[in-house]
Amino acid sequence: MIISKDTLERIKQLIELKYTGLLLKLLNPEVLSSQQKKDLLDSNVSLSNYYDIIRYLYTYNFNYDIDDPTKPNSFKEIIVDAISNRTPNGDVHTSAISYLEQSLNTAIEKLKQVVINNISSIFLEANEEYRRGILQDLDRSETLESVFKEKFINQITKKLRETSKEVNRDWQRVVVTELTNLIGIAHTDKIIMDNADTDLDTVFVYRKPMSDACRWCKEFYLTSSDTPKLYPITELIGNGSNYGKKNSEWLPVVGATHPWSRTSPPIQLKPGFKVNLDGTQSFMGLKDWLDYVKNNL
Ligand SMILES: [Zn+2]
């Protein structure tokens, strides 16, 4: 064996700590299980002084429209602003934040398992190959032996490097997708609050796909003339989430349409306004507004 069982166990533990550390940086420490807390304490990681990033980002996205010129720009400003008395109170927000935390937690846990499985199988395969090599040539000299060993170690290093590249990509995907969910949900909550006295079926929203968005997003969020398509906000909320669904089952939603999706959060079309090709709005008056909306659903 070139890699012992103990080494593999140690690597698993390191992965566990790395991802738990990531969770801790992004979530409220309360989200961690008692075992995760114990592991972190055993490794001398402090549980205090961590930012509750999901809650801060939700607050920020709830409080500011995407084109609000007064919104804070740097991460530090966002946190300072969120810590001040602008944090929204109430069950709706608490449950939105808790949903986002759980969703991120699940994504990270899943990713962690994938990493552990990939790394385990790289080592198991290498060990197996090494063993076969030894059985074929039992009388090898010590020099040959070390060359042989080095060859395998190089192979493992290469595979591990490839795996970590993939993992970094996966990790970015998780963060981008969860942030898209967070931004979409926070903006939707704001639209709901802003229209507390209105029938939500008559509150219309649109999402602006980036120019490099995929055909699904373009189809969902643009009309045939490429202006943003309008939806009653209740329809997007009612479609839930596309998480874990096949492409053919995807629907237009308030959060991430799919992993890596490149679309703005839902934006409310103000009564009497029409939406332009670039996603800005211009006033058209209320007289023909409902007809306009009907033609752009
Ligand atoms: Zn897309």
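Colleague: With 13 C-beta neighbours inside 10 Å, how does Trp260 count: buried, partly exposed or exposed?

Modeller: A residue is buried if 20 or more other C-beta atoms, placed from the backbone, lie within 10 Å of its own, exposed if 12 or fewer, and partly exposed in between. This is a predicted model, in which local features need pLDDT of at least 70, side-chain atom pairs count only at pLDDT 80 or more, and totals for chains, interfaces and linings use all residues. Residues are numbered from 1 along each chain as its sequence is written. With 13 such neighbours inside 10 Å, Trp260 counts as partly exposed.

Colleague: Where does Trp260 lie, and what is its phi?

Modeller: Trp260 is placed in the loop between α8 and β3. Although Trp260 is not a glycine, its phi is positive, at about 65°.

Colleague: Which residue in the loop between α7 and β2 has a positive phi of about 70° although it is not a glycine?

Modeller: The residue in question is exposed, with 10 other C-beta atoms within 10 Å. The loop between α7 and β2 holds it, and the residue with the positive phi of about 70° is Asp226.

Colleague: How many helices and strands does the chain have?

Modeller: Helices (H or I, at least four residues) and strands (E, at least two) are DSSP runs, numbered from the N terminus. From that end, the elements run α-α-α-α-α-α-β-α-β-α-β-β-β-α. The secondary structure therefore comes to 9 helices and 5 strands.

Colleague: What is the order of the strands in the open sheet?

Modeller: Two strands pair if DSSP finds at least two bridges between them. Strand β1 (residues 204-206) and β2 pair in the antiparallel sense over 2 bridges, and Phe204 stands opposite Pro232 in β2. The open sheet has 3 strands with antiparallel pairing, in the order β2-β1-β3.

Colleague: Which strands are the edge strands of that sheet?

Modeller: An edge strand here pairs on one side only. The strands that do so are β2 (231-232) and β3 (267-268).

Colleague: Where in the chain is confidence lowest, and where is it highest?

Modeller: The predictor's confidence in each residue is given as pLDDT, from 0 to 100. The chain averages a pLDDT of 82, and 88% of the residues score at least 70. Where pLDDT is low, the predicted coordinates should not be read in detail. Confidence is lowest in helix α1 (residues 5-26), at a mean of 74, and highest, at 97, in β1.

Colleague: Why is helix α3 (residues 53-63) largely enclosed by the rest of the structure, and how many of its 11 residues are buried?

Modeller: The buried residues of α3 include Ile54, Leu57, Tyr58 and Phe62. Helix α3 is largely enclosed because, of its 11 residues, the number buried is 8.

Colleague: Which element gives the most to the largest nonpolar core?

Modeller: A nonpolar core is a set of buried Ala, Val, Leu, Ile, Met, Phe, Trp, Tyr and Cys residues joined through C-beta atoms within 7 Å. Of the 38 residues in the largest one, those touching the most other members include Ile54, Tyr58, Leu100 and Tyr206. Elements giving two or more residues to this core include α3, α5 (91-136), α6 (142-194) and β1. With 6 residues, the element that gives the most is α5.

Colleague: Between which domains does this core lie?

Modeller: Domain bounds come from an automatic or database domain assignment. Both domains give residues to the core, so the core lies between domain 1 (5-193) and domain 2 (196-295).

Colleague: Leaving aside neighbours within four places in sequence, with which residues is Val115 in contact?

Modeller: Val115 has its place in helix α5 and counts as buried, with 22 C-beta neighbours inside 10 Å. Two residues are in contact if their C-beta atoms, placed from the backbone, lie within 7 Å. Beyond those sequence neighbours, the contacts of Val115 are Ile15 and Val167.

Colleague: How far is the C-alpha atom of Trp171 from that of Leu111?

Modeller: Trp171 lies in helix α6 and is partly exposed, with 17 other C-beta atoms within 10 Å. Trp171 and Leu111 are 60 residues apart along the chain, and their C-alpha atoms are separated by 7.5 Å.
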